[in-house]
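Got a few minutes to look around a protein? Have the 3D view open and follow along.

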Amino acid sequence: MILGLGPATTSFSRVRFGAGAALGTAGAGDAPQSNAGTLRDLLARIDEAGRRLDSLDRRVDVRKLRISSPTLGQANVSSSASLNLTEASAARLASTEEINTVPTSFSPRAPAWSGGSTSDPVIGGEYDGSNGDTQLTFEVQQAGVIGVANVRIRVFDGTTRLEDIRYNEAAGTEVTLANGLTLSLGSGLVLGGDTFTVDVSASVGTSVDPDGAFDGTLNDDPEFEAGQSVTGGLFFVNGTAIGVSPSDTINIILDRINQSAAGVTAVFDSATESIRFEQQTPGATPSIVLSGDTSGFLAATKLDAATVVDGTDAQRSISMDQVGALSGVSSGTFSINGVTLSVDVGLDSLDDVLATINASAAGVTASYDQASGRVSLTRNEPGQAITLSDGSSGLFAALNVQAGTYDPSATGSEPGKRTRIKIERPGSVRRGLRDLVESLNLLYSSEFEGLAAGTSARARSEVSSSLYRVFSDSTKQFGRTRLRTEVGLQADLGAKDRGEDVLSIDASDLSDALASGAALEAFLRGDGKESKGLIRELRKTLDSLETDVREQLRQQGLSGSLVNLTA
């Protein structure tokens, strides 16, 4: 729930202060007195915000805070930074190149006549690219029965005649064109003027079809390179026989491999037009072995000469002397809670050391988190500390863990730090914050004219800058104009232009902050280091603004006494 604090909840009203509405004893035509009136009104707003800030300060005075006696949990310490250990990788193997490397293409292989010719044409060969990317038209110039008559066909690129083909061959005989393509005509009749077209490309290579049957013909051909074919037979993957039938396709064979006991995953990569294998078991030992092919599948898919890229073991599972990130560890001893343990970097891996710790009488559980790359040590018995010593091994330093004693109430990686704080009067602090928000919203919303107009704009700007600095140290959501802190106070520095409250309180977040205490106290009073806290930051700004306004009143020759705006 968001509590918007504005005019509806305050004794002030959203007003506009102009020359005719100036407070004081001067008449409306007396400009200095009118300026004094609006400056006094602005001074009243600033003073009211300061008084409410002082009230909040008293409500959260450090004397009203106490360090609670925490319920002791399990002491824990983790690496302060990732060890950046690599995980195990799996062996890989892939086709040595594209399954079909022909850089040009054409289609279809079995074109259709535009008219009533009954002799089926077939296009084959390998296009040499000499005609570029275009569509070729084949037109019958002299009709006849194939194998009987002297048939004549012309080839056009648009309106340009490329060549004449005299086909007086037996049906099915291939005739080679000047561009490398071949034409064969089946039994039947070709009619004069009948045509068919073939698309050719010099820029797009021939692509293998993973769903084309090995015994497919013409447009159903899998498009292996010339001289390559797959027949019935078998081959072996890691000693597992994979059967091949002429009617199979590449995808059918890959699915058969994946469902077998070969222990690999095989996929067709359409981007590279190749087949990739990956061992299902990561590590340096599991491999991929292809052998005994009687079907021609491995040769046709460019796998017969493929070389395996070996996998690697996880760095946490190999001896420490092979891991650069653990080079700071020496063979020697270390101790946990007074229990001395040893490490041999030539034999022990990080996993081995963690297992040794867990099996010891040290009373802790050691683990490695793969996602964060950090080692964690947790005391098994609640309320008991963890004491670490590097001994002669330098183990903990290499693991980014600071040696020392870790209290069970500590958090982070600094031994013995207690930070739990309880707010004594949460209801009073809540009211103090609401009052402060009311007064600051009124300072933002009030409009002034005359000399006070520029001063009020600067006042709002300086208050916004103070809020921006404080909010940036306690940010739940942080942007250029919308600020949301983890303690519930939030600001929309652009809201004034929309006639809305600039500050508001998220009741749920504030309740959580009041319950936990530490974050709220740091937000209000500072962390003793870089953050000054809301109270000090705003006090400095409001004091400066009050001094400036009083000086302007003095220059007007008038008193800086305050106007009671609640009367």
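Here's a quick tour, from the overall build to the aromatic rings and then the pocket.

Keep in mind that this is a predicted model. The protein has 10 helices and 32 strands. Of its 567 residues, 44% are buried. If you take the contacts with a separation of 6 or more, 64% of them join residues 24 or more positions apart. On the outside, about 26,300 Å² is exposed, and carbon and sulfur atoms supply 46% of that.

Now for the rings. The count of aromatic pairs comes to six. Here are two of them:

| Pair | Centre to centre | Angle between planes | Arrangement |
|---|---|---|---|
| Phe235 and Phe297 | 5.2 Å | 5° | stacked |
| Phe334 and Phe396 | 5.7 Å | 90° | edge-to-face |

Phe235 sits in strand β16 and Phe297 in helix α3, 62 residues apart, so their planes at 5° make a stacked pair between distant parts of the chain. Phe235 has 0% relative accessibility, so it counts as buried, and Phe297, also at 0%, is buried too. In the edge-to-face pair, Phe334 belongs to strand β21 and Phe396 to helix α5, again 62 residues apart. Phe334 counts as buried at 1% relative accessibility, and so does Phe396 at 1%. Phe235 and Phe297 also join Phe214 and Phe224 in one aromatic cluster.

Phe224 turns up again at the largest pocket, which holds about 440 Å³ of space. Among the 24 lining residues, those closest to the centre are Asn100, Arg109, Thr206, Glu223 and Phe224. Strand β6 (residues 105-107) gives the most to the lining, with three residues. By class, the lining has eight nonpolar, 11 polar and five charged residues.

Notes: Residues numbered from 1 in each chain as written. Predicted model: local features only at pLDDT ≥ 70, side-chain atom pairs only at ≥ 80, totals over all residues. Heavy atoms only, no water. 1 Å grid on protein atoms, 1.4 Å probe; cavity = no way out; pocket = protein on both sides within 12 Å on 5 of 7 lines; lining within 4 Å. Points joined across faces, edges and corners; volume = space filled by probe spheres on them. Helix = DSSP H or I, 4+ residues; strand = E, 2+ residues; numbered from the N terminus. Nonpolar A, V, L, I, M, F, W, Y, C, P; charged D, E, K, R; others polar. Buried < 20%, exposed > 50% of the residue type's maximum accessible area, 1.4 Å probe, protein only. Contact = heavy atoms within 4.5 Å. Areas by Shrake-Rupley, 256 points an atom, 1.4 Å probe, with all protein chains shown as cover. Phe/Tyr/Trp six-rings, centres within 6.5 Å; stacked < 30°, edge-to-face > 60°.
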